[in-house]
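Reader: Hello! I am new to this structure and would love a close look at a single part of it. Could you take me there slowly and then show me the surroundings?

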Amino acid sequence: MSTTETTASGIGPVEGAGASVYTVDNPAPLIEPPRKRTKKSPKSTRGNFEMAAWLFMRLSGVVLVVLVIGHLLIQLVLDGGVSKIGFAFVAGRWASPFWQVWDLLMLWLAMLHGANGLRTVINDYAERPNTRLWLKGLLYTATVFTILLGTLVIFTFDPNIR
Ligand code: HEM
């Protein structure tokens with residue numbers, strides 16, 4: 001049996017230079033990984049929400065690139081730039097279901113993407129549970145309010161309003 005007795009740690013034999021103190025007769029102690037699930041650990045009540053949220057940020061980001069760049073081109077660059085924007089321009093655009101759906105998708109995706117991003121920021125930086133609760137309460141209220149109001153405007157816009 002090759003034992004290189006070293007008591008550098010003060011708690012007993014440790015691995016020496018080159019040779020191990022552990023053999024078949026003297027196996028190394030098995031240390032359980034601290035986060036390993038065993039039969040005794042309580043059943044997880046968490047679903048895959050965070051994974052879905054992670055994926056949503058990437059997918060909505062890709063779609064937002066197209067929607068936002070298209071939006072900026074149409075509103076600010078093409079056809080005379082910003083000077084063309086007015087009630088008539090908006091009325092003309094929203095007469096088409098294509099642009100209604102474009103703007104609706106941009107509204108929903110940007111709001112949900114931005115809200116979920118801020119949820120991450122709050123979870124990361126607000127240390128007290130109460131602070132997190134209030135900040136997220138405010139965030140979700142503002143998000144729902146803006147999505148509902150924006151959706152209402154897109155669908156109830158009346159070009160003949162006086
Ligand atoms: C235009 C295309 C966009 C792309 C490609 C994009 C992409 C991303 C990605 C991949 C993340 C996740 C980063 C991470 O998990 O570390 C993220 C985070 C975030 N996004 Fe966007 N995003 C876009 C637009 C927007 C818009 C319009 C808003 C606001 C309404 C926004 C607000 C945020 C916020 C607040 C975060 C969290 C930042 C953080 O965790 O530090 N993004 N974005």
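Reader: Where in the chain does Asp-79 lie?

Author: Happy to help, and please keep in mind that this is a predicted model. Asp-79 sits in the loop that joins H1 to helix H2, the latter covering residues 87–93. What makes this residue worth a pause is its backbone: although Asp-79 is not a glycine, its phi is positive, at about 60°. Is Asp-79 buried or exposed? A residue counts as exposed if 12 or fewer other C-beta atoms lie within 10 Å of its own. Asp-79 has 12 such neighbours inside 10 Å, and therefore counts as exposed.

Now let us step back from the loop to the whole chain. The protein chain contains 4 helices and 0 strands, and from the N terminus on its elements run α-α-α-α. Of its 162 residues, 1% count as buried. Among contacts with a separation of 6 or more, 55% join residues that are 24 or more positions apart.

Helix H1, on one side of our loop, spans residues 49–77 and also helps to surround the ligand, as does helix H3 (97–125); these are the elements that give two or more residues to the shell. The shell has 13 residues in total, and the closest include Met-57, Gly-61 and Gly-114. H3 gives the most, with 7 residues. By type, the shell divides into 7 nonpolar, 5 polar and 1 charged.

Further along H3 you will find Asn-123. Asn-123 is exposed, because 11 other C-beta atoms lie within 10 Å. From Asn-123 to Leu-135 is 12 residues along the chain, and their C-alpha atoms are separated by 9.7 Å.

Leu-135 brings us to helix H4, which takes in residues 129–156. H4 has 28 residues and reaches 40 Å from its first C-alpha to its last, close to the 40 Å expected at 1.5 Å a residue. The number of buried residues in H4 is 0, so this helix lies largely in the open.

An unreviewed UniProt entry adds another layer, placing the feature "transmembrane region" at residues 55–78, 98–118 and 138–157. In the model, residues 98–118 are 100% helix and 0% strand, with the end C-alpha atoms 30 Å apart. Residues 138–157 are 95% helix and 0% strand, and there the end C-alpha atoms lie 28 Å apart.

Finally, a word on confidence. The chain averages a pLDDT of 87, and 87% of the residues score at least 70. Over residues 5–10, however, the pLDDT is below 50, and this stretch has 7 contacts in the model beyond near neighbours in sequence. Where pLDDT is low, the predicted coordinates should not be read in detail.

Note on methods: Residues numbered from 1 in each chain as written. Predicted model: local features only at pLDDT ≥ 70, side-chain atom pairs only at ≥ 80, totals over all residues. Near = placed C-beta within 6 Å. Nonpolar A, V, L, I, M, F, W, Y, C, P; charged D, E, K, R; others polar. Buried ≥ 20, exposed ≤ 12 C-beta atoms within 10 Å, placed from the backbone. Contact = placed C-beta atoms within 7 Å. pLDDT = per-residue confidence, 0-100. UniProt positions renumbered as here; feature names shortened; annotations may be inferred. Expected span 1.5 Å × (residues − 1).
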